[in-house]
Structures are given as structure tokens and as C-alpha cells.
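Hi,

Here is the model I said I would pass on. Have a look at it first, and then read on for my notes.

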Amino acid sequence: MRIVIGITGGIAAYKVPELVRLFRKGGHEVQCVATAHALNFVTPLTLETLSGRRLYSDLFAPANEHSTEHVSLKDWGDIMIVAPATANIIGKMACGIGDDALSTLLLAFGGKPIYVCPAMNTQMMENAAVERNIGTLKGWGVRIIEPTEGELACGAVGKGRMEEPERIYDIVVNGQMSNANGRLSDKQVLVTAGPTYERIDSVRFIGNYSSGKMGFALAEEFARRGAKVALVSGPTSLTVNHRGIERIDVESAQQMYEACMERFENCDVAVLSAAVADYRPEQAYDGKMKKKGDSGMVIRLVQTPDILATLGKRKGEGQLLVGFALETTNEMAYAQEKLQRKGLDMIVLNSLRDKGAGFGTDTNKVTIIDRQGKATEGGLKSKADVAKDIIDAIESRMVQ
Ligand code: CTP
């Protein structure tokens, strides 16, 4: 790809040389365009050395190769990334203002993909005008790579840090590949993720250590391949950033069950990766239960509905149902039994004996088993890469 990276005057500009390097290493061509303010944070020499192309920053510089560089660069580039994007450039984009090299190029770049990576102080991020401007850009199809939470340059902690270069690279490269292929573009997908919380009283619950990372990685990968995804998520701190994903937050197994039943009928594929509680307290106590003393306490549990098994019974012609199995012993046998009993097309087996796999980690190691008993064992990979393997396996079944 030929990528134009627009750099504006935020402290996160110091991360842009790394982004340029990643794209170059990945075999892409990069042209940097900087605002005058950006050059307070990063030097032309760094950008030109890493990109291998002359920096464009002054609309009227006599040394420009063309008198209308903003138009010729528009023809040259396949996509544009604005990183970091200050409130100022976002405002200019939303209002159609072109008063320097970058903003005029952005005006000329219509019709091609533009990614914007906001970076600013939390209060600025939450300013009504900035929120409106970002909303306007989203409405026009500009892809916003949301900032993350953390310590900001001003010392405050909050949302506003520019996404890391590796992640921006991944989102852009995968996003472009999926748009080019669009393999799942007419497909509707249901994904469940995270734990469920079963209330004991107003302040306590029975839960589990699931982080939701595997389910979120699946939802993002499906969306990158063009699918429309309903992501039904139990309580998690994760955020999701894709226009193709509708997120439905639930707390309990019963709520997850209802959300899934509502949506399954229209789905082509359902992947249930949530760690659903099998039991819940029979009664949820209203208020905070008092200590009962030495004699201990008995909470009677009753079974929750099995979402996966219910969908297995409801599954219609052409629908594909995928479950997960987290096992500690007799892994293969239990997983295969689960696949048959719950009426699945495929099951993804996690063994808790594998280090780095399962709950909470960023990595996972799975074996994908189909109805015919064919098992494909993968190595230890990032959850994003495991999601790709699982969806590749699903896609290969869809074309059969
Ligand atoms: N699952 C579900 N609803 C439940 C329990 C589990 O949809 N109430 C789904 C999970 O999302 C996962 C799969 O079922 O895809 C595996 O669940 P698991 O708890 O391993 O299977 P169980 O049937 O509960 O078997 P066991 O606990 O005996 O291993």
C-alpha cells in the first residue's frame, strides 16, 4: 500500500517515526505530511530518513515537486492515517477547512480510506464540540482508531492516549485486507464473550476469571472480514472499536441467554466463547446480607440455561454453531462429547494444562475439532491470531 501519514501537533507525534518504520518494514510505501506544530515534536530529518521520501509540510514551499502537491499526493496514496490527530485537525476535517498542507490534502482525499487516531487530554476528548466532530467524521465513514486510557502527558490519567503504533499498524493492515476481500461481507455473526456474574446480594456475585479477550478478538476479526457482528458480552473492562460490531452488555447467564435467543435466528454463524456460569444462587438477596457467624452459610444454587445447547437445538439449515470447551483432564474426549451433545459444528478446545492459554492471558493455545472428528492443534499465539485461525476454519466450512 501507499500510505500517507498526516502528523499534527500533539506529544504523541514522537511515536510516529515508529509507525513509519513498521509500515516500511511491512513492505508499504509511506509519505509523511506534517503540520507546522507537529514539527515541534518530531524532526523532518527523522521522518524523511525513515520514510525515504521528502516531507510535505509547507503548502507554498518553493522546493515542492508539484505546485499542487495536495492533489498529486491524493492520487499517489491508497489510504491516509492522521496520527496523532489533535482536536484542531478533527475540527477542521469536520468543518471542511483547508488552511495548510495537511488539511488541504485531507479535503482532496475524499473517496479513499482515512484513519484518524485522536490523542488529547481527557477533558478535550469529552468536549461536546470534539465529540460532535468525531461523530460527524464517523458518519462520513472515516475510521476512528479510539485513543486508550492511561497516563497522559499532562500527568492526568484518563482516555486520550494515542493507540500504540503496533496496534494502529495491525488495524490498518488487517482492515484494508478485509475490505479488499470482504469474504464475510454478507454474513451476520453472533459472538458471546467474558464471564457472567450471578448475584448473591446487592454487592456480591458468583463469577469467574474470564477477561473476554478471546471473544472480543473474534468479534474484531469477524468485523474486519466484513461481517456484521452482535457481540453479547458479560462484564469486562474491554472496549471495542469497529463499526461492524454491535455490543450488547449483559450481566447474568439468564440475560446472556435472552440476548442470544433474540438474535440467533438471523445469524449465519454463532461462536459462543463466553464463560457462562452453570449455576446461580436460587434467590438474590435484596440489600447486603449480614454475616451469619460461625455456623457458616448455605447458598442454594440452581442451574442456568445452557445457551449453546439451546442454540444447537434451534439451529436451522445453513447455520453454523461453534462452542468452546475449557477442560483440565481427558480434554479431547470431553470436547468431542460436548460437540455431539450440544449439536455443534465445531468446538474450540482449551486445555488448562497449557501455559499461557485460557483465562485472562493475551495468548491462547487451542485445538479446533469439527463434527467429523478432525482436530487441528495450534501453537501458543496471540488471541488475535487464534481468532484468525478459528475464523479461517469456519470460513472453510462455509464454502464446502
Ligand atoms: N455455555 C453456554 N451456556 C451455559 C454454559 C456454557 O452457552 N450455561 C457454553 C460456553 O459458552 C462454551 C460451552 O458452552 O461455548 C462450554 O461450556 P462448558 O461449561 O465447558 O460445558 P458444560 O456443558 O457446562 O460441561 P461441563 O461443565 O460439565 O464441562
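Before anything else: this is a predicted model. I'll go through the two sheets, then the ligand, and end with a few single residues.

**The parallel sheet**

Towards the N terminus, strand 1 (residues 2–7) runs parallel to strand 2, and six bridges join the two. If you want a landmark for the register, Ile 3 sits opposite Val 30 in strand 2. Helix 1 (residues 16–25) packs on this sheet, where it touches strand 1, strand 2 and strand 3 (79–85). The direction of helix 1 makes about 180 degrees with that of strand 1.

Taken as a whole, the sheet is open and has five strands in the order 2-1-3-4-5, with parallel pairing. The edges are held by strand 2 (29–34) and strand 5 (143–144); each has a single partner strand, so one side of each has no neighbour in the sheet.

Strand 3 also has something worth a click: Pro 84 is placed in that strand, and the peptide bond leading to Pro 84 from Ala 83 is cis, with omega near -10 degrees. For context, most peptide bonds are trans.

**The mixed sheet**

The other sheet is open too, with eight strands in the order 12-11-8-13-16-17-19-20 and mixed pairing. Which strands stand at its edges? They are strand 12 (245–249) and strand 20 (375–377), and because each has a single partner strand, one side of each is left without a neighbour in the sheet. Ignoring direction, neighbouring strands here are turned by 15 degrees against each other on average.

For an antiparallel pair in this sheet, go to strand 17 (residues 346–351) and strand 19 (residues 366–370), which are joined by five bridges. Ile 347 stands opposite Ile 369 of strand 19.

Two helices are worth following against this sheet. Helix 10 packs on it and touches strand 8, strand 11, strand 12, strand 13 and strand 16, with a direction at about 170 degrees to that of strand 8. Helix 9 (residues 213–224) lies across strand 8 (188–193), strand 11 (228–233), strand 12, strand 13 (269–272) and strand 16, and runs at about 165 degrees to strand 8.

**Arg 263**

While you are at helix 10 (residues 253–264), pick out Arg 263, which is part of that helix. The Arg 263 side chain reaches the backbone oxygen of Ala 259 at 3.1 Å, and a polar contact of 3.5 Å links it to the side chain of Glu 262. Beyond its neighbours within four places in sequence, Arg 263 is in contact with Leu 190, Ala 230, Glu 246 and Ile 248.

**The ligand**

There are 15 residues around the ligand, and the closest are Leu 272, Ala 274, Phe 324, Lys 338 and Lys 342. By type, the shell divides into eight nonpolar, two polar and five charged residues.

Three pairs of atoms are worth checking on your screen:

- a ligand oxygen and an N or O atom in the side chain of Lys 342, 2.7 Å apart
- a ligand oxygen and a polar backbone atom of Leu 308, 2.9 Å apart
- a ligand nitrogen and a polar backbone atom of Ile 307, 3.0 Å apart

How much of the ligand does the protein bury? On its own the ligand exposes 580 Å², and the protein buries 78% of that. Helix 11 (307–314), strand 16 (320–327) and helix 12 (331–341) are the elements that give two or more residues to the shell.

**Two loop residues**

Helix 12 has a loop on either side that I'd look at. In the loop between strand 16 and helix 12 you'll find Asn 330, whose phi is near 45 degrees, a positive value in a residue other than glycine. Most residues other than glycine have a negative phi.

Gly 343 is in the loop between helix 12 and strand 17. Not counting residues up to four places away in sequence, Gly 343 touches Gly 312, Lys 315, Leu 321 and Arg 371. From Gly 343 to Ala 253 is 90 residues in sequence and 20 Å in space, C-alpha to C-alpha.

Cheers

Methods: Residues numbered from 1 in each chain as written. Predicted model: local features only at pLDDT ≥ 70, side-chain atom pairs only at ≥ 80, totals over all residues. Heavy atoms only, no water. Pairing = 2+ DSSP bridges. Helix = DSSP H or I, 4+ residues; strand = E, 2+ residues; numbered from the N terminus. Contact = heavy atoms within 4.5 Å. Axes fitted to C-alpha atoms, helices over the stretch in contact; angles between N-to-C directions. Near = heavy atom within 4 Å. Polar contact = N/O pair within 3.5 Å; in protein donor to acceptor, adjacent residues only side chain to side chain. Areas by Shrake-Rupley, 256 points an atom, 1.4 Å probe, with all protein chains shown as cover. Nonpolar A, V, L, I, M, F, W, Y, C, P; charged D, E, K, R; others polar.
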